[in-house]
Amino acid sequence: MASNNENMPPREEATTHFGFKTVDEASKAGMVREVFDSVADDYDRMNDVMSVGVHRLWKNSMINTLNPRPGMHLLDVAGGTGDIAFRFLDACAGGTVTVSDINAEMLRVGAKRAEENGYRDRAEFVCADAQKLPFPDCSMDAYTIAFGIRNVTRIEEALSEAYRVLKPGGRFLCLEFSHEILPLFKKAYDAYSFNVIPKMGEIVANDYDSYEYLVESIRRFPVPAKFEAMIKTAGFERTSYRTMSVGVVALHSGWRI
Ligand SMILES: C[S@@+](CC[C@H](N)C(=O)[O-])C[C@H]1O[C@@H](n2cnc3c(N)ncnc32)[C@H](O)[C@@H]1O
């Protein structure tokens with residue numbers, strides 16, 4: 001299935017959500033870019049603080065599920081500062097990775113980490129929108145996207161692009177927050193996310209608004225069963241998902257057969 005982005009008519013009047021706000025579709029990507037421009041330097045530290053380090057376990061779990069085979073090439077979309085990419089390189093003898101992200105600041109931090117940690121010759125960093133990837137059809141062994149897809153304006157287009165760039169037999173994995181929390185934990189989770197996380201953002205990263213956007217954007221993202229249906233619609237087969245940490249995140253899988 002090839003991406004049909006170029007053939008789509010402009011949808012100037014279309015609106016979408018940015019957290020709990022309604023905005024023009026055309027302005028969302030710029031607003032998301034501002035969020036990550038603002039948090040790039042504090043992003044890794046904030047992840048540890050907000051999740052009490054648990055984001056590391058979720059990301060390890062994603063790479064364990066991928067179970068990389070030697071020499072494979074991964075495309076990590078919305079790869080930001082490289083957390084998924086570096087885990088992949090540690091787990092994959094002779095593997096190489098393309099980290100792609102719409103935000104040059106996040107990639108700058110990622111490239112610096114790659115340099116400092118000896119990954120530079122196995123990792124490339126490409127600034128690109130997940131909705132329009134600058135990679136040939138059927139060129140990637142695997143595609144990952146972690147905590148990125150809920151920021152994308154037209155999720156269907158990103159999924160269609162994921163399908164297009166994967167080789168037949170290639171694996172799609174998406175790690176994303178969910179708001180389908182086990183009922184017993186829902187109240188505490190909501191209180192923590194709405195009352196604590198933006199304040200933490202203010203204290204640690206001097207940025208309340210970006211972390212308010214984070215918690216709001218999670219609520220606007222489709223629940224796991226609905227998102228799985230979207231992955232299927234993009235053409236993927238043998239789709240599945242599992243939730244972790246009482247439903248705080250979901251790991252989705254699909255194959256291009
Ligand atoms: C929460 S960060 C996740 C970074 C990394 N994957 C991780 O798990 O640590 C979300 C990333 O998505 C990127 N992003 C947002 N919209 C995007 C788009 N349309 N295309 C590509 N990347 C996008 C942001 O720039 C940001 O780096």
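Visitor: Quick one to start: is the crossing of α7 and α8 left-handed or right-handed?

Guide: The α7/α8 crossing is right-handed. Bear in mind that this is a predicted model.

Visitor: Which residues make up those two helices, and at what angle do their axes cross?

Guide: Helix α7 covers residues 183-205 and helix α8 covers residues 208-220. Their axes come within 7 Å and cross at roughly 155°. Since angles over 145 degrees count that way, α7 is therefore roughly antiparallel to α8.

Visitor: OK, and how do α3 and α4 cross?

Guide: Helix α3 is residues 54-66 and helix α4 is residues 83-91. The two axes come within 10 Å, crossing at roughly 50°, so α3 and α4 are oblique to each other. Their crossing is right-handed.

Visitor: Switching to the ligand: which residues come nearest?

Guide: There are 19 residues around the ligand, and Y43, A78, D101, A130 and A146 come nearest.

Visitor: What's the mix by class in that shell?

Guide: You get 11 nonpolar, 5 polar and 3 charged residues around the ligand.

Visitor: Which ligand atom does the D101 side chain meet?

Guide: An oxygen: a polar side-chain atom of D101 sits 2.6 Å from an oxygen atom of the ligand.

Visitor: And what do A78 and A146 offer, backbone or side chain?

Guide: Backbone. A polar backbone atom of A78 is 2.8 Å from a ligand nitrogen. For A146, a backbone N or O atom lies 2.9 Å from a nitrogen atom of the ligand.

Visitor: How much of the ligand's accessible area does the protein cover?

Guide: The protein covers 97% of the 600 Å² that the ligand has on its own.

Note on methods
Residues are numbered from 1 along each chain as its sequence is written. This is a predicted model: local features need pLDDT of at least 70, side-chain atom pairs count only at pLDDT 80 or more; totals for chains, interfaces and linings use all residues. Side-chain values use heavy atoms; hydrogens and water are left out. A residue is near a molecule or strand if one of its heavy atoms lies within 4 Å of it. A polar contact is a pair of N or O atoms within 3.5 Å; within protein, one must be able to donate a hydrogen and the other to accept it, and residues adjacent in sequence count only if both atoms are side-chain atoms. Accessible areas come from the Shrake-Rupley method with a 1.4 Å probe; for residues, only the protein chains shown count as cover. Ala, Val, Leu, Ile, Met, Phe, Trp, Tyr, Cys and Pro count as nonpolar, Asp, Glu, Lys and Arg as charged, and the others, Gly among them, as polar. Axes are lines fitted to C-alpha atoms, for helices over the stretch in contact, and angles run from 0 to 180 degrees between N-to-C directions. Helices (H or I, at least four residues) and strands (E, at least two) are DSSP runs, numbered from the N terminus. Angles under 35 degrees count as roughly parallel, over 145 as roughly antiparallel, 65 to 115 as roughly perpendicular and the rest as oblique. A crossing is left-handed if the near helix is turned anticlockwise from the far one by less than a right angle, and right-handed if clockwise.
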